[in-house]
Amino acid sequence: MTRVMIDVTRREMARTWSLLSSPVNASKRTLKLLHSPIRMGWNIGDQIGVAQTKNRSEGTGQAATIVSMDYDRITVDTSLNDEFHTGFIPPLILSYSNAGDDAGADADA
C-alpha cells in the first residue's frame, strides 16, 4: 500500500478583509482601502475578491490579483467591470492569498 502525504501551509495574516475607503469607478485598477494592506499581511500576487453591494443583490463581484501596493492602496491586474461605492455598506475586499507564497511585498512594514 502506497502512502500519500499532503502538507498544507498557511501564511499568518493580521486581517483577511478590508473595505473601500473611497469609491472606485469601472475600468479602474487602483483601490483605496480602509486598512493598510501591508499591515494586514497581504502580498503582491495575492488574489482578492471585491464583493458587490448594490440594492437587491444586483451586480456581481470580481476577482483580481494584487500587482502593487502601498500603505492604503492596492493595484490589481485587471480593470474593474463595475462601480464600487463606499457608503452604509461599502464593498468587502477579501484576500484569499496564495498560501505560503511570499512573492514580493514586505509584510513587516
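User: Which side chain makes a polar contact with the side chain of Ser18?

Analyst: Good place to begin! The partner is His35, and the two side chains come to 2.8 Å in their polar contact. Keep in mind that this is a predicted model. Ser18 itself lies in strand 1, which covers residues 17-19.

User: Is Ser18 buried or exposed?

Analyst: Ser18 is buried, with a relative accessible area of 0%. For that label a residue needs to be under 20%. Across the protein chain, which has 109 residues, buried ones make up 33%.

User: How should I read the overall fold? Which pattern does the protein chain follow along the sequence?

Analyst: Think of it as a string of elements read in order. Here the pattern is β-β-α-β-β-β-β, made up of one helix and six strands. You can also ask how distant in sequence the touching residues are. Of the contacts with a separation of 6 or more, 68% are between residues 24 or more positions apart.

User: And the outside? How many Å² does the accessible surface come to?

Analyst: The accessible surface of the protein chain is about 7100 Å², and carbon and sulfur atoms account for 50% of that.

User: Since the model is predicted, where is confidence lowest and where is it highest?

Analyst: A sensible thing to check. Strand 6 (residues 92-95) has the lowest confidence, with a mean of 65, while strand 5 has the highest, at 95. In residues 99-109 the pLDDT falls below 50, and that stretch has 19 contacts in the model beyond near neighbours in sequence. For the protein chain as a whole, the mean pLDDT is 78, with 68% of residues at 70 or more.

User: Now the strands. In which sense do strand 3 and strand 4 pair?

Analyst: They pair in the antiparallel sense, over four bridges, with strand 3 spanning residues 47-50. To see one bridge, find Gln47: its partner in strand 4 is Thr65. Strand 4 also runs antiparallel to strand 5, and three bridges join these two. Here you can look for Met69, which stands opposite Ile74 in strand 5. A hairpin of three residues links strand 4 to strand 5.

User: What is Thr75 in contact with, leaving aside its neighbours within four places in sequence?

Analyst: Thr75, found in strand 5, is in contact with Arg29, Thr30, Thr65, Ile66, Val67 and Ser68. With Thr30 there is a polar contact between the two side chains, at 3.2 Å. Thr75 counts as buried, at 16% relative accessibility.

User: Next, charges. How many salt bridges does the count come to?

Analyst: The general idea is that side chains of opposite charge can pair when their charged atoms come close. In this structure the count comes to two salt bridges. Asp72 forms one with Lys32, where the closest N and O atoms are 3.8 Å apart. Asp72 sits in the loop between strand 4 (62-69) and strand 5 (73-76), whereas Lys32 is in strand 2 (residues 30-32), so this pair ties together parts 40 residues apart in sequence.

User: Which residue forms the other salt bridge with Asp72?

Analyst: That is Arg73, where the closest N and O atoms are 3.8 Å apart. Lys32, Asp72 and Arg73 are therefore linked in a network of salt bridges. Each of the three can be checked for exposure. Asp72 is partly exposed at 22% relative accessibility, Lys32 is partly exposed at 27%, and Arg73 is partly exposed at 35%.

User: What about Trp42? Where is Trp42 found?

Analyst: Look in the loop between helix 1 (37-40) and strand 3. Trp42 is buried, with a relative accessibility of 0%. Its side chain reaches the backbone oxygen of Arg15 at 2.9 Å. Then compare sequence with space: Trp42 and Trp17 are 25 residues apart in sequence, and their C-alpha atoms are 9.7 Å apart.

User: One last feature, the backbone angles. What is phi of Ser27 near?

Analyst: As a rule, most residues other than glycine have a negative phi. Ser27 has a phi near 85 degrees, a positive value in a residue other than glycine. You will find Ser27 in the loop between strand 1 and strand 2.

Key: Residues numbered from 1 in each chain as written. Predicted model: local features only at pLDDT ≥ 70, side-chain atom pairs only at ≥ 80, totals over all residues. Heavy atoms only, no water. Salt bridge = Lys/Arg side-chain N within 4 Å of Asp/Glu carboxyl O. Buried < 20%, exposed > 50% of the residue type's maximum accessible area, 1.4 Å probe, protein only. Contact = heavy atoms within 4.5 Å. Areas by Shrake-Rupley, 256 points an atom, 1.4 Å probe, with all protein chains shown as cover. pLDDT = per-residue confidence, 0-100. Polar contact = N/O pair within 3.5 Å; in protein donor to acceptor, adjacent residues only side chain to side chain. Pairing = 2+ DSSP bridges.
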